[in-house]
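This report covers the cysteines of one chain: how they pair, and how far they are open to solvent.

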Amino acid sequence: MKKPSINPFRFLFIVSLFAVTSIILSACSKYNDKVTPTSAAKTPAMENDAYAKLSQANFGSLDCSTLNENALNTKYRNKTIAKYGAATGPWYDGLVAAYKSNPNAYSFNPAYAKIYNYKSQITSAIQKGAKDLALSYCTDNTPGCNAQIFWSSYLKDAIDVYLNPIKTAVANDGTLTSLEKGVLNAVIQAYYDNFDEATNYYATDGKSCFPDPSWYGYDSYQADFWGGMGKVIRKIINIAATIVTEIVNNAVYGAVLGLIVGVPFAGVGTLAAGAGGAVIGGFAGLVVGINRCIKGDYVCLVSCI
């Protein structure tokens, strides 16, 4: 019986075609895996891993149900009472109600014009520093960009570039009274005292509790894992900048309210009343800032300043 003959050229063609096809299919498979994440990847568990990637540690996640206005006001009302005594609970309530009713109640009062002028400079410093840091992060989906990390100290240092000259100006401003200087120093201290809680606890751990900023551009899961870690970090910075801006706004409001009506532990027009009002206002400002973020009403960083 005659053995079937094999054309060597035909055999080589078939083998080559098979090899090329395998390479193409393999490349396409890898491409599709990279660009289109599976449904399993779009889970809260995977999102938490993004925080671990930020600092090679597990940041965990915040229970978003705790971020309602009543619960937050109860938390910081209790913190006020723990610091100054039970009588300050109602004072906290009055401050919250007054600010909600008219946040600009004292903004145009000539008696407090210098304080409000410096308040504007402080909030501008916060947003300029935050913008500088946010824009320093690349957002491409590359190994280098996805290896970026964020610490709250980075944001604090970036803001201090603009805030330190203001602190010096307050100290050297001969037109300010000692009372005005004391109030402004208390407002700045309220910012520092609440900074880490605003940035680490709410902005970082609670990042997924807040809507994406308008500049985000697309689904947060896509941004977390396939659009560049820089977008995740920029969102955290935007949340933090919004909250600490409201800490300053409310600290000034609380300080002026303290000067006008006094506080349970200090009389009208005294530094103790102004400084105490700033501290309590700082607590209330955390709540206002968080509510602002929940509504997606962030301070403008990426496209506005």
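## Burial and Cys293

A residue counts as buried when its relative accessible area is under 20%, as exposed when that area is over 50%, and as partly exposed in between. The model described here is predicted. Cys293 has a relative accessible area of 0%, so this residue is buried.

## Disulfide count

Two cysteine sulfur atoms within 2.5 Å are taken as a disulfide. By this rule the model holds two disulfides.

## Cys64 and Cys209

One disulfide joins Cys64 to Cys209, with an S to S distance of 2.0 Å. This bond links distant parts of the chain, its two cysteines being 145 residues apart. Cys64 lies in the loop between α2 (44-55) and α3 (69-84), while Cys209 lies in the loop between α8 (178-205) and α9 (220-225).

The torsion about the S-S bond of Cys64 and Cys209 is about -85 degrees, and the disulfide is therefore left-handed. Cys64 is partly exposed, because its relative accessibility is 39%.

## Cys138 and Cys145

A disulfide is also formed by Cys138 and Cys145, whose sulfur atoms are 2.0 Å apart. With a torsion of about -130 degrees about the S-S bond, the disulfide of Cys138 and Cys145 is left-handed.

Are these two cysteines buried or partly exposed? Cys138 has a relative accessible area of 29% and is therefore partly exposed, whereas Cys145, at 6% relative accessibility, counts as buried.

Technical notes: Residues are numbered from 1 along each chain as its sequence is written. This is a predicted model: local features need pLDDT of at least 70, side-chain atom pairs count only at pLDDT 80 or more; totals for chains, interfaces and linings use all residues. Side-chain values use heavy atoms; hydrogens and water are left out. Helices (H or I, at least four residues) and strands (E, at least two) are DSSP runs, numbered from the N terminus. Buried means under 20% relative accessible area, exposed over 50%, partly exposed in between (1.4 Å probe, protein chains only).
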